[in-house]
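Please look through the structure below with this briefing at hand. The points are grouped by topic, and each can be checked against the coordinates.

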Amino acid sequence: MTVSRRGFIKLLGAGTACLGLSRLGLNVKPAQAYATSMKTAGAKEVVSICPYCSCGCNIIMYVKNGQFISSEGDPDYPVSEGSLCAKGAAFRALHVNEHRIVKPLYRAPGATDWVEKDWSFMLSTIARRMKDTRDRDFTAKNDKGQVVNRLDTVFHLGSALMDNEECAVTVQMLRGMGVYQIDHQARV
Ligand code: SF4
């Protein structure tokens, strides 16, 4: 019988493998007792894929009573074999976090305080400023007459919370406007 690493752990919890291991003289009762007391006991397992880099590590999400209660790496995923980097390990905290800001905050030029604004205000303000800046500063050709199509006065800093698809679309948009100063703080 072929049993995957994850399947083996499940069998251990179910007791089937325990029988075999006990016959080998191993006492698995403490492990069984520990497994049944874990907060993930009885939770539904949903395998998802970490969206934060091209490694695409599997993440097992545990759902209980409709709540996302825990997550961990998937031992059967061949690339990382259950390991996750800091971002993948913090996967649940990205979704369930009382410190997460869920409304746009705006600090006007020269102001010291942040104030709540709606998305319509934020998006139209950003679009207006980007358009005005590009109209003012876009360089089509350099001093030698070479085509450069660049915007020197805009820098874009990405986010560790942007997934692969968001990053791809954002970079395409920025390049289309001539922005070439692009970085991302997701150093792992
Ligand atoms: S960000 Fe980390 S956990 Fe997520 S896919 Fe990449 S290496 Fe894996």
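In this predicted model, the largest nonpolar core is made up of nine residues, namely C50, Y52, C57, I59, I60, Y62, Y77, L84 and F91. Strand β2, which covers residues 58–64, gives the most to this core, contributing three residues.

**Core and its contacts**
- Leaving aside residues up to four places away in sequence, C57 touches C50, G73, Y77, V79, S80, L84 and G88.
- Of these partners of C57, the residues C50, Y77 and L84 are also listed as members of the largest nonpolar core.

**Strand pairing around β2**
- Strand β1, spanning residues 44–49, pairs with β2 in the antiparallel sense over six bridges, and within this pairing V47 stands opposite I60 of β2.
- Strand β3, spanning residues 67–73, also pairs with β2 in the antiparallel sense, over six bridges, and the bridge partner of I59 in β3 is G73.
- The connection between β2 and β3 is a hairpin with two residues between the strands, and N65 in the turn has a positive phi of about 50°.

**Surroundings of the ligand**
- The residues around the ligand are C50, Y52, C53, C55, G56, C57, S80, L84, C85, K87 and G88.
- Sorted by class, this shell holds seven nonpolar residues, three polar residues and one charged residue.
- C50, Y52, C57 and L84 appear among the residues around the ligand and are likewise members of the largest nonpolar core.

**Helices α6 and α7**
- Helix α6, residues 119–137, has 19 residues and reaches 27 Å from its first C-alpha to its last, which is close to the 27 Å expected at 1.5 Å a residue.
- Helix α6 is hardly covered, as the count of buried residues among its 19 residues is zero.
- Helix α7, residues 164–177, has 14 residues that should span 20 Å at 1.5 Å a residue, and because its end C-alpha atoms are 20 Å apart, the two values agree.
- Helix α7 is likewise hardly covered, with a count of zero buried residues among its 14 residues, and it is followed by G178, whose phi is positive, near 95°.

**The chain as a whole**
- The protein chain has seven helices and nine strands, and buried residues make up 9% of its 188 residues.
- Among contacts in the protein chain between residues at least 6 apart in sequence, 37% join residues that are at least 24 apart.

Notes:
Residues are numbered from 1 along each chain as its sequence is written. This is a predicted model: local features need pLDDT of at least 70, side-chain atom pairs count only at pLDDT 80 or more; totals for chains, interfaces and linings use all residues. A nonpolar core is a set of buried Ala, Val, Leu, Ile, Met, Phe, Trp, Tyr and Cys residues joined through C-beta atoms within 7 Å. A residue is buried if 20 or more other C-beta atoms lie within 10 Å of its own, exposed if 12 or fewer, and partly exposed in between; C-beta atoms are placed from the backbone. Helices (H or I, at least four residues) and strands (E, at least two) are DSSP runs, numbered from the N terminus. Two residues are in contact if their C-beta atoms, placed from the backbone, lie within 7 Å. Two strands pair if DSSP finds at least two bridges between them. A residue is near a molecule or strand if its C-beta atom, placed from the backbone, lies within 6 Å of it. Ala, Val, Leu, Ile, Met, Phe, Trp, Tyr, Cys and Pro count as nonpolar, Asp, Glu, Lys and Arg as charged, and the others, Gly among them, as polar. The expected span of a helix is 1.5 Å times one less than its number of residues.
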